Amino acid sequence: MKKLFFITFIFLFIISNSYGKNNNEDYQIYQKALSYYNYGSYYSALEELDKIIYKKNLKFYPDVLLLTAKTYLSIGIKSGIKKYLWNAVYYLNYYVGYNGKRNEDYYYTKGLAYERLGFYERALTNYKIALLSKSERSNLTNKIILGIMRTSILMGRVDNITKYIVYLAPLEAREGQELSIVLGMKYFYEGNYDLAFNYFSQVYQDFEEYLLYNPEFYYYIGETAYRLKKYDFAKRIFRKIVNNVKNDDVIRKAYLRLGDIAVIQNDKYEAFNNYYIVINRFPETNENTVARLKMLALGLKYPDLESRIKKVKQLEDPVKFIVQTLVSNRTNYIGKYAIGNFGVLVLQNPTDFLIDKLSYELSLLYPANFTYEQAEYIRGLWTPYLEKLDNKALIKLYKANPKFFKDIFDENILKKILQNLTDNYYRKDLLKHLIKNYDKDEYKIQLAKIYYEEKQYSKALEILSGIKDKNCDFYIISALIKKAMNMNYKDDMENMEKSCKDLKLPFEIALDYYLMKKDLPKAVSTILENKNRLKDDDNTKNKILDLISKLYGSKMYKELSQLLDNIPENLIPKEKLCDVSSYYLITKVKLNSTNVKDLYYNTVKNCNTEMAKVSLELYETLKVIQEVKGNVR
């Protein structure tokens, strides 16, 4: 028994020593791989790791798996080959399966792998967990926060930049440059291309290596320059991308942009060649179809390219290709380019049938999903045709999808649409869009007029409160609204006198305006021109009575006669009928006329005022004189 125990002890001692020795050798291999990794010799690191990756009983086996994942991730970033990135994800999952610590390093590495694979939501989640998992002495804090900011930008969540930037510790030089890129991207997404370009310009030359490994950001530097119309600069960036970057997704987009710039710079062969590269090198991609559509659009501008374009596979019959592409891709990325080409086919020959068909296609679109590039493409193709399109057809297309037009087209086209819209519902909607985007007083005044017509006076006044340069139109509509709201609008009328030339006032305020100006003949003509619109209320009656008094006092008998002969009698206040009738008869006497309205004549006969008696006597005398003269032979 003792002998057996002794043999077992010796055996375990030997095994134990052997195991410890092997572990020590394996650990040295791991350390060597780590050293290669830290120096950027990733393939050498992998060679070392391959020697121990199958030894699952190693105490530090999780470390081996994590280092393997990081090594594959680094190779994937440098090469742009996604299988290495997926290998990184695989070994990270394997690492957890072997009880590897789910610490900040693990989550940061996983976030970075997902970011490079384009799964930004997953990347952001892992970065956030990494931030929560970090130790106080972590040297990954800035890297994690920059990761959060990068993925937030790529997801369009620019608010996260402001939220997380405050957590950054003092930055190293490289981190500072990366922050400039992130901030440039933030301003790019906000549409502030000048500021974005300023940030990019600070770092893009000294930080090019980073950009080559982060090609999405490199592309946006070129895109920013493109949107600022710095085409030569943009061309340089896109050429560097197609020559040096390993990411095919970005390269395809860069070639398309090189083609677009060539179109703008009227270099038709350069444009053709760049689109052809995408068609030839990147089959079975969205950009491949987009390049074909852009090539057909290029043929519209340069008909001499038609024979060359028709030699490209699938473009032998352009109409068939465009229609089939649209029908097969109505609501996706490609379809939004195809509608551009299809629209041109229709607008070149805008028959009722084709306009109906295009209206139908537009009604299926969700404009909010259009990218800048898609909107720019359609705008460039359609605008020359829309400027000449029949108004009826234009309005039909607009009503099929107003948001499409508002999102895609610039002010000139929208203004043409507005001028031809008669429906207040569509006019109000379009005016609100124009005010929001162009902030012009002319649109605010038009919208205020519609609210006034709809008796939404408070809204109309609210719109007018935003007017910067008040003109004749402003004061007129302001006076109308205030009059409708029983507010004082004397100031508006006074300003009308200074601001308005060749004034044509709405009836509602014209009488007040001419009375204020003491332009009595204009006041009379205003009443006579609108006598059927006069309201039978005290306000109107008092104004007419005031006008009658002024006309009589000014001895303007002709105007007074015209007024009283033509307005309805009910507009004379009953309690003042004796006075008015007396004025009327005296006026007729002054005009040597016995052609009077019975109402006033009969009224005077029944009045007991001194003026009535005098006026009646004068009038009867005139009648006798005229009668005598008429019978003298």
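What follows is a conversation about helix packing and empty space in a predicted model.

Biologist: Why are helix 2 and helix 3 called roughly antiparallel?

Modeller: Helix 2 (residues 42-50) and helix 3 (residues 61-79) pack at an angle of about 150 degrees. An angle over 145 degrees counts as roughly antiparallel, and therefore helix 2 and helix 3 get that description. Their axes lie 10 Å apart, and the crossing is left-handed.

Biologist: What makes the contact of helix 2 with helix 3?

Modeller: Helix 2 brings Tyr-42, Tyr-43, Ala-45, Leu-46 and Leu-49. From helix 3 come residues including Val-64, Leu-67, Thr-68, Thr-71, Tyr-72 and Lys-78. By class, the contact of helix 2 with helix 3 has nine nonpolar, three polar and one charged. Thr-68 and Thr-71 of helix 3 belong to the contact, and Thr is counted as polar because it is in neither the nonpolar nor the charged list.

Biologist: How do you know that helix 14 and helix 15 are roughly antiparallel?

Modeller: The axes of helix 14 (residues 248-264) and helix 15 (residues 268-281) cross at roughly 160 degrees. The cut-off for roughly antiparallel is over 145, so helix 14 and helix 15 fall in that class. These axes come within 7 Å, and the crossing is left-handed.

Biologist: Which residues of helix 14 and helix 15 meet?

Modeller: Among them are Ile-251, Tyr-255, Leu-256, Gly-259 and Val-263 in helix 14, and Ala-271, Asn-274, Tyr-275, Ile-277 and Val-278 in helix 15. The contact of helix 14 with helix 15 holds ten nonpolar, two polar and four charged residues. Gly-259 is in this contact, and Gly counts as polar here.

Biologist: What makes helix 25 roughly antiparallel to helix 26?

Modeller: Helix 25 (residues 424-438) and helix 26 (residues 441-453) pack at about 150 degrees, with axes 9 Å apart. Since roughly antiparallel begins over 145, that angle makes helix 25 roughly antiparallel to helix 26. The crossing of the two is left-handed. Their contact includes Arg-427, Lys-428, Leu-431 and Ile-435 of helix 25, together with Lys-444, Leu-447, Ile-450 and Glu-453 of helix 26. It divides into eight nonpolar, two polar and five charged residues.

Biologist: Now the empty space. What lines the largest pocket, and which residues lie nearest its centre?

Modeller: The lining has 24 residues, and Ile-77, Tyr-108, Leu-112, Lys-143 and Arg-174 are nearest the centre. At least two lining residues come from each of helix 3, helix 5 (104-117), helix 7 (141-154), helix 9 (173-189) and helix 11 (208-213). The pocket has a volume of about 850 Å³. Its lining divides into ten nonpolar, three polar and eleven charged residues. Lys-143 and Arg-174 lie among those nearest the centre, and Lys and Arg both count as charged.

Biologist: How many cavities of 30 Å³ or more does the structure hold?

Modeller: The structure holds one. The largest cavity has a volume of about 30 Å³. A cavity is so called because the probe fits there but cannot get out, whereas a pocket is open.

Biologist: What lines the largest cavity?

Modeller: Leu-326, Arg-330, Ile-339, Glu-361, Leu-364 and Leu-365 do. By class, four are nonpolar and two are charged, with no polar residue. Arg-330 and Glu-361 are in the lining, and Arg and Glu count as charged.

Terms used. Residues numbered from 1 in each chain as written. Predicted model: local features only at pLDDT ≥ 70, side-chain atom pairs only at ≥ 80, totals over all residues. Heavy atoms only, no water. Axes fitted to C-alpha atoms, helices over the stretch in contact; angles between N-to-C directions. Helix = DSSP H or I, 4+ residues; strand = E, 2+ residues; numbered from the N terminus. Parallel < 35°, antiparallel > 145°, perpendicular 65-115°, else oblique. Left-handed = near helix turned anticlockwise from the far one by under 90°. Contact = heavy atoms within 4.5 Å. 1 Å grid on protein atoms, 1.4 Å probe; cavity = no way out; pocket = protein on both sides within 12 Å on 5 of 7 lines; lining within 4 Å. Points joined across faces, edges and corners; volume = space filled by probe spheres on them.
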